[in-house]
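Reader: I'm new to protein structures, and I'd like to learn how to read the inside of one. Could we go through an example together?

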Amino acid sequence: MNGVTGRMGYRQHLVRSILAIRDAGGLQLADGRRVVPEPILVGRNERKLADLAAQHGIERWTTDLDEALRDDSAPIYFDAQVTQAREKSIKAAIAAGKHIYTEKPTAESLEGALELARLAAEAGVKNGVVHDKLYLPGLVKLKRLIDGGFFGQILSVRGEFGYWVFEGDWQEAQRPSWNYRKEDGGGIVVDMFCHWSYVLENLFGRPEAVTAKAVTHIPTRIDEHGQPYPATADDAAYGIFELPGGVIAQINSSWAVRVYRDELVEFQVDGTEGSAVAGLRECKIQHRATTPKPVWNPDLPVTERFRDQWQVVPDNADLDNGFRAQWEQFLRHVLEDAPHAYDFLAGARGVQVAELGLQSSAEGRRIEIPEVTV
């Protein structure tokens, strides 16, 4: 596990996924065997690695990736590093014959992402890319509504994501400074359009065209050492994605927005028979038969609370942490050849959408998204 000293690598992948599986007695396979994952921690900071290993009872850690890749007892390589370091490390893991599971973006460019997919295919190693948002309880419920035909004909999707990331002067920033430096792989388009690509593809259909505007609303921020630095990467992006069947998706992503909604990300889906609003955990619906008939009159106050007219969708299942759920799926893929659709090629499509989104913003035009293959 490379990059577990970072926020996501540590909290979601190490603690809430691999160690949670270990502490539960392992993962039970279809044939009744239980497999207990034992991580080898890899990173650049020896002190942090030693502290994490001691804190969680992990026996093995190293600052030498090549040493870890030579360990035949570890058949899987996982990468949660910064994007700039990921491509080189994954190539080394492929050469070492490891199966690979990685955060996204898989590479800094579509060309690099497709090369990883090609190399993995040639080496015959199984590969997967984190698609965590598909496992969120709110989107699981939304997928259930789609599969059940609740919406009738789907017309549009509207997404709102983001929150205010403090500049770092009078309050500490919640995100590391590299996120706001383009030269270090930062930017909200690179970060979030990969997510929107697979969310849209797996719920509504693969995006066919993108029109985007990426901006830097906060031009100067304060780094971890209290020093001001120019924010060279985009901190907000406003995108329109054209989907199969004429469905239009509009998604706003911003680290310079204050939250006036129920959750940090919400998707509203409108169809001829009903609508839904899905967040991280909750999903609410309004059917055609229960839709109110408001009349526009700016001279009178609103007499009804529109939010109160929506119905909550029940869980109807034990919806566990999404990162752990996908880890278990990938482990089954490696250990018993169970299906896992979210491979390097799927990850490359996310890189493609981000790349074309930035091109659309720079050129001020709509760009069609061609199909990519290895």
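Author: Happily! Keep in mind that this is a predicted model. Let's start with the lining of the largest cavity: its residues divide into 4 nonpolar, 5 polar and 3 charged.

Reader: How does one find empty space like that, and how many cavities of 30 Å³ or more does the structure hold?

Author: Rolling a probe the size of a water molecule over the atoms shows where empty space is left. Here, the structure holds 1 cavity of 30 Å³ or more. The largest cavity has a volume of about 70 Å³.

Reader: Which residues line the largest cavity?

Author: Among them are Lys104, His131, Tyr198, Glu201 and Arg349. Helix α7 provides the largest share of the lining, 5 residues, and both α7 and α9 (344-363) supply at least two residues each. Domain 1 (7-132 + 323-350) and domain 2 (134-317) each contribute at least three residues to this lining.

Reader: Now for the packed parts. What should I look for in a nonpolar core, and which residues have the most contacts inside the largest one?

Author: In soluble globular proteins, nonpolar side chains tend to be buried together. In this model, the largest nonpolar core has 51 residues, and those with the most contacts inside it are Leu142, Phe151, Phe193, Phe204 and Phe241. Helix α7 (residues 188-203) gives the most to this core, with 10 residues.

Reader: What does Phe204 touch?

Author: Leaving out residues up to four places away in sequence, the partners of Phe204 include Leu142, Ile146, Val199, Pro244 and Val269. Apart from the largest core lies another core, of 24 residues, including Val42, Ile90, Phe344 and Val372.

Terms used: Residues numbered from 1 in each chain as written. Predicted model: local features only at pLDDT ≥ 70, side-chain atom pairs only at ≥ 80, totals over all residues. Heavy atoms only, no water. Core = buried A, V, L, I, M, F, W, Y, C linked by side-chain atoms within 4.5 Å. Buried < 20%, exposed > 50% of the residue type's maximum accessible area, 1.4 Å probe, protein only. Helix = DSSP H or I, 4+ residues; strand = E, 2+ residues; numbered from the N terminus. Contact = heavy atoms within 4.5 Å. 1 Å grid on protein atoms, 1.4 Å probe; cavity = no way out; pocket = protein on both sides within 12 Å on 5 of 7 lines; lining within 4 Å. Points joined across faces, edges and corners; volume = space filled by probe spheres on them. Nonpolar A, V, L, I, M, F, W, Y, C, P; charged D, E, K, R; others polar. Domains from an automatic or database assignment.
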